[in-house]
Amino acid sequence: MNSNMCGICGELYWNGKQASVDSLKPMLAALEKRGPDDHGTWVHDQIGLGHRRLSIIDLSLAGHQPMVDEAISLVFNGCIYNYETLKLELEKLGHQFVSHSDTEVIIKSYRQWGMECVQYFEGMFALAIWDDELQQLMIARDRLGIKPLYYAPVKGGMKFASNTQALLTSNEIDTDIDPVGLHHQLTLHAVIPAPNTILKGIKKLEPGHWLTINPDGQMYKKQFWHLTTNFVEKQPTHKQPKTEQDWVSVIHEALREAVHKRLTASDVPVGVLLSGGIDSSLLVAMLAEAGVKDIKTFSIGFEDAPEEKGNEFEFSDMVVE
């Protein structure tokens, strides 16, 4: 529903080399299609951050990235659906805000809760936070890995970006084919599980993980989220579902809440990529149930192959009607 792509990139060195805007520029150029609305760079000694913006929340310049708040600097791709709730909580704890962007909420959350701030975020995100006091970089990826985040070691440092094309603007990356990645590419429906990629020199941060890089180059990775089966326990308003209809009601309510969160966490119109399948058709129905008028849907059709239909317009058209 939310196509807030944006693009982030950066570099960090621990061998005395300085980061540079000249190094970030080609990376940002390779990310341009992810964020056509704005771009920015921030460089301080050995650390450099870059951002391409697709404006979704707080369309003003107050949402510009990289965002710097004293010793904390951030680039972020995604959307934090519960950012307004978190903002209220952080204000009660004494934090002051100058924007109504979820980006600033991330910075204040890090200031309040440190690296564990990711536990508080409901949404999809790939982010990088530089803590100048600790001289430490933290990169993190949302629970299910909706937003991509790649990193690559270079001589005396590391680069990271939202896509591999941005990393490949550097001639320091090992571009030999990774045999493990190739195996997955050809056997798992073109999916290569993190941390592997098709290239030896590029890794993909696992979903639900954060990675810190210390001043001496030491890296520490932690899984901050595990899939659990406490679905019902987290919803005390519901009795333990017993019948099929009970389960339908509980799931319906969870879907309704999820759709509501995504509707409220956007300052631009919300649309749906409608394939005609169950998932996207259900989303359109839920939006209609939520009272959204003139829902914008987008569909793509392909020419039929001899043994398989490539066009689902007949189904998506039914949903639209």
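Buried denotes under 20% relative accessible area, exposed over 50%, and partly exposed in between (1.4 Å probe, protein chains only). Helices (H or I, at least four residues) and strands (E, at least two) are DSSP runs, numbered from the N terminus. The model is predicted: local features need pLDDT of at least 70, side-chain atom pairs count only at pLDDT 80 or more, and totals for chains, interfaces and linings use all residues. Residues are numbered from 1 along each chain as its sequence is written, and side-chain values use heavy atoms, with hydrogens and water left out.

**Exercise 1.** Determine whether the span of helix α3 (residues 102–113) agrees with its number of residues.

*Solution.* Step 1: the expected span of a helix is 1.5 Å times one less than its number of residues. Step 2: for the twelve residues of α3 this gives 16 Å. Step 3: the end C-alpha atoms of α3 are 16 Å apart, in agreement with the expected span.

**Exercise 2.** Establish how α3 is placed in relation to the rest of the structure.

*Solution.* Step 1: the buried residues of α3 include Val105, Ile106, Ile107, Tyr110 and Trp113. Step 2: ten of the twelve residues are buried, so α3 is largely enclosed by the rest of the structure. Step 3: the buried residues pack against β4 (67–69), β5 (72–80), α2 (83–92), β6 (123–131) and β7 (136–141), where contact means heavy atoms within 4.5 Å. Step 4: α3 is followed by Gly114, which has a positive phi, near 65 degrees.

**Exercise 3.** Decide whether Cys6 and Cys117 are in a disulfide or in none.

*Solution.* Step 1: a disulfide is defined as a pair of cysteine sulfur atoms within 2.5 Å. Step 2: a search of the whole structure finds zero disulfides. Step 3: for Cys6, the nearest cysteine sulfur is that of Cys79, 9.8 Å away. Step 4: for Cys117, the nearest cysteine sulfur is again that of Cys79, 16 Å away. Step 5: Cys6 is buried at a relative accessible area of 6%, and Cys117 is buried at 1%.

**Exercise 4.** Locate the cis peptide bonds that precede Pro66 and Pro195.

*Solution.* Step 1: the bond from Gln65 to Pro66 is cis, with omega near 0 degrees; Pro66 is in the loop between β3 (47–53) and β4. Step 2: the bond from Ala194 to Pro195 is cis, with omega near 10 degrees; Pro195 is in the loop between α5 (179–187) and β10 (203–204). Step 3: as background, most peptide bonds are trans.
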